[in-house]
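Student: Could you take a close look with me at a single part of this fold? I'd like one connected account, starting from one residue and working outwards.

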Amino acid sequence: MTSVAVGRTEFRSVLGHFCTGVTVITGRDGDTLAGFACQSFAALSLDPPLVLFCPAKTSRTWPVLAAAGRFAVNVLAEDQQEVSAVFGARGEDKFARFRWTPAPSGAPLLEGALTWIDCALEAVHEAGDHYVVIGRVTALGAPSDARPLLFHRGRYAVTEPARDALAALMPWPRPDDWL
């Protein structure tokens, strides 16, 4: 197998066609609140319940979350583009702009999110210019019926119901997720 050099621009363009959900990862270390918008979030394991996210090694937020040892994942709803934009930018006191309540861990839970996942830091692995952070799920929020905020091809997007082609092929009951 030969290796071909992959350019950064081409890589971003191709991977931009993969639709992702938008989350805000938050944490609290003493009186210091931290949070950032994150598309690189995924479920990892059912047993034990694990999730992962990938902060850049240059992140100024990640060291606060790492020191806290706990974090919350806020899954954003379609009407939370401003939340994503604020938490995706550097600067200002991001938490002053939005209402929040503490998760069981103390991490901020943003009002209006579809749901939340509270986690204890399980492991951190270096991977290129990012870290892969694994969290053990310790508490879950109730899901909302609102639609999720998505990111696709460099823009925000929302879901639309699709024709369910699998329904005709699978007459037996099936789970509502693929995890």
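Tutor: Let's start at Phe 95, which is buried, with a relative accessible area of 8%. Buried here means under 20% relative accessible area, exposed means over 50%, and partly exposed covers what lies in between, with a 1.4 Å probe and protein chains only. Please keep in mind that this is a predicted model, in which local features need pLDDT of at least 70 and side-chain atom pairs count only at pLDDT 80 or more, while totals for chains, interfaces and linings use all residues. Residues are numbered from 1 along each chain as its sequence is written, and side-chain values use heavy atoms, with hydrogens and water left out.

Phe 95 leads us to Thr 26: leaving aside neighbours within four places in sequence, Thr 26 has Phe 95 among its contacts, including also Ala 34, Gly 35, Leu 65 and Phe 71. A contact means heavy atoms within 4.5 Å. Thr 26 counts as buried because its relative accessibility is 0%. Its side chain makes a polar contact with the side chain of Asn 74, at 3.3 Å. On top of that, a polar atom of the Thr 26 side chain lies 2.5 Å from the backbone oxygen of Pro 108. For a polar contact, two N or O atoms must be within 3.5 Å; within protein, one must be able to donate a hydrogen and the other to accept it, and residues adjacent in sequence count only if both atoms are side-chain atoms.

Thr 26 belongs to strand S2, residues 23–29. Strands (E, at least two residues) and helices (H or I, at least four) are DSSP runs, numbered from the N terminus. S2 is largely enclosed by the rest of the structure, because five of its seven residues are buried. Strand S3, residues 32–38, runs antiparallel to S2 and is joined to it by seven bridges; two strands pair if DSSP finds at least two bridges between them. Arg 28 stands opposite Leu 33 of S3. The S2–S3 hairpin has two residues between its strands, and there Gly 30 takes a positive phi near 65°. S2 also runs antiparallel to strand S6, residues 70–75, with four bridges. There Asn 74 returns, this time as the bridge partner of Val 24.

Now for the rings. The structure holds seven aromatic pairs. One of them, Phe 53 with Trp 62, is edge-to-face, at 6.0 Å centre to centre and 75° between the planes. The pair of Phe 95 and Trp 100 is edge-to-face too, because the ring centres are 6.2 Å apart and the planes stand at 70°. Rings of Phe, Tyr and Trp (its six-membered ring) pair if their centres lie within 6.5 Å; planes under 30 degrees apart count as stacked, over 60 as edge-to-face and the rest as tilted. Trp 100, the partner of Phe 95, is partly exposed, with a relative accessible area of 26%. Phe 71, which Thr 26 touches, forms one aromatic cluster with Phe 36, Phe 53, Trp 62 and Tyr 131. Lys 57 lies over the face of Tyr 131, at 5.8 Å from the ring centre; a charge sits over a ring if NZ of Lys or CZ of Arg is within 6 Å of the ring centre and within 35 degrees of the ring normal.
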